[in-house]
Amino acid sequence: MVISLDLKMQEKKYLVYLHSIWFSQKKLFSLFLKEKNYKQIFESISHDSLKKLEFFDAQIESILEKYTVIDTEKIDAQISDVHLIIFGEPEYPLALSQIENPPFLLYVKWDLQYENGLAIIGSRKISSYGRQIGRASCR
């Protein structure tokens, strides 16, 4: 399956790849607040490069393991209908940017132009209780 992504999305997808192999939002923030070399970091992942990025040995092992099996085509398909917003971009919600430790990367499926809203933030593996509460909150 070939997904057509615009140039900006082509660059941002590397953030998603990094996030999916255990680069936390906090780590993405510290690495990329000033530099936007997402692709270069992803494509040059090695034990030495991760050591320079100040990962611990256990983290490095896990990242390298995930890096060898990452399915980028599957991720591209999953984010094809998602708008990726990076901290500092004009679309990034002002109120969210002012909290302590704001997320660096937002995965957005809907319009953020509402004055009042509800955001549900949590783990990638939602529990049945979380799913139930999320659905009830949206009604």
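Buried here means under 20% relative accessible area. Keep that cut-off in mind as you move through this predicted model, because several charged residues fall below it, among them Lys12 at 5%.

**Stop 1: the whole chain**

Start with everything shown as a cartoon. You should find 8 helices and 2 strands, running α-α-α-α-α-α-β-α-β-α from the N terminus. Of the 139 residues, 31% count as buried. The accessible surface comes to about 10,200 Å², and carbon and sulfur atoms hold 53% of that area. If you like contact maps, look away from the diagonal: among contacts with a separation of 6 or more, 58% join residues 24 or more positions apart.

**Stop 2: colour by confidence**

Now colour by pLDDT. The chain has a mean of 84, with 85% of residues at 70 or more. Select residues 57-69, helix H5, where confidence is highest, at a mean of 96. Then jump to helix H8, residues 128-137, where the mean is lowest, at 81. Over residues 1-5 the pLDDT is below 50, and this stretch has 7 contacts in the model beyond near neighbours in sequence. Where pLDDT is low, the predicted coordinates should not be read in detail.

**Stop 3: the nonpolar core**

Hide the surface and show side chains for Leu15, Leu18, Phe23, Phe32 and Leu50. In the largest nonpolar core, which has 27 residues, these five touch the most other members. Helices H1 (7-20), H2 (25-32), H3 (38-43) and H5, along with strand S1 (83-86), each give two or more residues to this core. Helix H1 gives the most, with 6 residues. In soluble globular proteins, nonpolar side chains tend to be buried together.

Which residues does Leu15 contact, leaving aside neighbours within four places in sequence? Select Leu15 and expand the selection: you should see Leu28, Phe32, Tyr38, Ile86, Phe104 and Leu105.

**Stop 4: a loop leucine**

Next, pick Leu53, in the loop between helix H4 (47-52) and H5. Is Leu53 buried or exposed? Its relative accessibility is 18%, so Leu53 counts as buried. Not counting residues up to four places away in sequence, Leu53 touches Phe23, Lys27, Leu31 and Ile41. For a distance check, draw a line from its C-alpha to that of Ser30: the two residues are 23 apart in sequence and 9.8 Å apart in space.

**Stop 5: the salt bridges**

Side chains of opposite charge can pair when their charged atoms come close. The structure holds 4 salt bridges, and three stops follow.

- **Glu89 and Lys12.** Their side chains meet at 3.0 Å, N to O. Glu89 sits in the loop between S1 and helix H7 (94-97) and Lys12 in helix H1, so this pair ties together parts that are 77 residues apart in sequence. Glu89 counts as buried, at 15% relative accessibility, and Lys12 counts as buried too, at 5%.
- **Lys13 and Asp76.** Select these next for a salt bridge of 3.9 Å, N to O. Lys13 belongs to helix H1 and Asp76 to helix H6 (residues 72-78), so you are looking at a link between distant parts of the chain, 63 residues apart. Both residues are buried.
- **Lys51 and Asp57.** Finish here, where the closest N and O atoms are 2.8 Å apart. Lys51 is partly exposed, with a relative accessible area of 41%, and Asp57 is partly exposed at 45%.

Definitions and conventions: Residues are numbered from 1 along each chain as its sequence is written. This is a predicted model: local features need pLDDT of at least 70, side-chain atom pairs count only at pLDDT 80 or more; totals for chains, interfaces and linings use all residues. Side-chain values use heavy atoms; hydrogens and water are left out. pLDDT is the predictor's confidence in each residue, from 0 to 100. Helices (H or I, at least four residues) and strands (E, at least two) are DSSP runs, numbered from the N terminus. Contact means heavy atoms within 4.5 Å. A nonpolar core is a set of buried Ala, Val, Leu, Ile, Met, Phe, Trp, Tyr and Cys residues joined through side-chain atoms within 4.5 Å. Buried means under 20% relative accessible area, exposed over 50%, partly exposed in between (1.4 Å probe, protein chains only). Accessible areas come from the Shrake-Rupley method with a 1.4 Å probe; for residues, only the protein chains shown count as cover.
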